[in-house]
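Here is a walk through one model, from its ligand site to its core and its sheet. Keep the structure open as you read.

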Amino acid sequence: MRQAAPRCPVFAQRRAAVEPDERRTGRAIWRPARPVRKRAAREYRIKDRNVNTALSTPIACEPIRPTRIVPSLSEDVARGLFGAPRTLPPKYFYDERGSLLFDRICDVPEYYPTRTESALLQRIAREVIETARPERIVELGSGTSRKTRHLFDACAELECHPAYAPVDVCDEVLVASGEALSEDYPWLDVRPFVGDYTAGLGNLPRRATRDLVVFLGGTIGNFTREQATDFLRELRAMLAPGDTLLLGADRVKEPDVLHAAYNDDAGLTAEFNLNLLRVLNRELGADFDLAAFEHYALFNPLESRIEMHLIAMRDQTVTFEGLHDSLHLREGENILTEISRKFTRAQLESMLEDAGLRVVRHYESDAHKFSLVLAEPD
Ligand code: AVJ
C-alpha cells in the first residue's frame with residue numbers, strides 16, 4: 001500500500017499554486033495544461049495519456065537513509081545567501097511548482113537538452129540494453145521517467161525484464177509515474193526510493209543483481225568539478241563488476257545556443273529561477289519581493305558553464321521568520337542559483353576515468369550537442 005510518510009523530504013509543505021505570473025510581464029507566460037488542484041501529482045502521468053487510477057498498481061516508496069548529514073534549507077540559506085558569493089543549491093527549485101515549470105521548460109523550442117537526449121536515447125536504447133543486460137535499472141533523479149521509457153521499450157523488444165528502482169526527492173512524482181509505468185509495462189517491477197541521492201547513494205539497498213544505473217538530463221553539470229568527482233566516485237563504489245552506468249551530459253556549443261536555452265522567450269526559465277524565492281518565502285517565512293529581482297543567465301566560457309543568477313533590482317532588506325538575520329541586498333547584487341556545466345567529449349571521459357569508471361561506449365547526438373556515456377567500474 002501507499003505509505004503515508006515521508007512526503008517530499010526537501011519540502012515540508014507543498015502548494016499547487018501554478019499560476020502565470022502576469023504581474024511581472026503584463027501577459028500570461030505559461031499555463032498548466034489543465035487546472036492543477038490537489039491532485040497535481042497526477043498531472044505527471046495524465047500529461048502523456050489517460051489511465052484508469054482504479055486499476056493501477058499501488059506503488060510504495062522506500063525512504064533512503066542519508067549516509068551523511070544533509071544541511072537543512074535554513075542552514076543552506078544561512079551559509080549560502082549570507083556568504084560571498086551569494087549562492088543556493090539548485091535542488092530547492094524542485095518543489096511541485098518548480099518541477100512542473102521544469103517539465104514545461106523541456107518543451108520550449110530553445111531548450112534543446114531534453115529533446116536531444118531523448119532522441120539519442122531512443123536511438124541507442126537497444127544497444128545499451130544488449131550491452132548492459134540489466135536485471136535492475138536504478139535511475140537517479142528519475143522525475144517523471146519520460147525519457148527512460150525508451151529503455152523500457154528496448155527491454156520489451158529484447159525480452160529483457162529488469163526491475164526498476166527510480167530515486168527522486170519527490171514522492172508524489174515517484175508514485176504517479178510508477179503507477180503509469182506499471183500499466184504501460186506490466187512486466188516492470190517498480191520499486192521507488194525517495195530521498196536526496198547525493199546524500200544517500202551508499203544506502204541504496206544492494207541486490208544480487210546486475211544493475212544499470214542511469215543518471216540523465218545533464219544534471220551532473222549542476223555539480224562543481226569537485227562535487228562531480230566526489231559524486232562519481234561514490235557512484236563507482238556502489239557498482240559491482242558487471243554493473244554499468246549510463247550518464248547523460250550536455251556538451252559545449254555555440255554560446256548563442258546555450259544562451260537561448262536558458263533565456264527562453266516564453267520566460268519559463270525566468271519563472272523557474274524566481275520560483276526559488278517563492279520556496280524561501282513559503283518554507284522560511286521570508287518576504288522576498290519577486291518583482292524586485294530579475295533572472296539573468298549567461299554562458300561563462302572560461303568555466304564552460306551556464307551561470308544562472310537572480311539580480312536585485314534595488315537596495316532591499318529581506319527578513320526571514322526562521323532566521324535571526326535580515327538579508328541586505330544592494331541594487332545590482334546577484335545570487336548564483338545554478339551552474340550548468342557543458343563538457344567536451346574528452347573532459348567527460350576523463351571525469352569518468354578519474355572516478356574509476358571505464359568508458360564502454362560514448363554516444364553523441366547529431367551535431368555533438370549531447371552525450372550519453374556508457375561506463376563500467378574499472
Ligand atoms: C535539469 C539540471 C539538467 O541544468 O539544464 C533548466 C535545469 N535550469 N533550465 C539544466 C535547468 C534551467 C537543467 N537540469
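The ligand lies between two domains, because domain 1 (32-65 + 112-253 + 343-377) and domain 2 (75-104 + 255-341) both give residues to the shell around it. The domain bounds come from an automatic or database domain assignment. This is a predicted model: local features need pLDDT of at least 70, side-chain atom pairs count only at pLDDT 80 or more, and totals for chains, interfaces and linings use all residues. Residues are numbered from 1 along each chain as its sequence is written.

Look at the shell, where a residue is near the ligand if its C-beta atom, placed from the backbone, lies within 6 Å. Among its members are Ile 105, Gly 217, Tyr 262, Phe 272 and Glu 338. Helix H11 (268-284) and strand E11 (334-341) each supply at least two shell residues. Helices (H or I, at least four residues) and strands (E, at least two) are DSSP runs, numbered from the N terminus.

Now the sheet. Eight strands form an open, mixed sheet in the order E1-E4-E3-E2-E5-E6-E13-E12. Strand E1 (62-63) and strand E12 (357-364) stand at the edges, each with a single partner strand, so one side of each has no neighbour in the sheet. Two strands pair if DSSP finds at least two bridges between them. Strand E2 (residues 136-140) and strand E3 (residues 163-168) run parallel, joined by five bridges. Within this pair, Val 138 stands opposite Ala 165 in E3.

Val 138 also leads to Val 213. Leaving aside neighbours within four places in sequence, Val 213 is in contact (C-beta atoms, placed from the backbone, within 7 Å) with Val 138, Leu 140, Leu 235, Leu 239, Asp 243 and Leu 245.

Terms used: Two residues are in contact if their C-beta atoms, placed from the backbone, lie within 7 Å.
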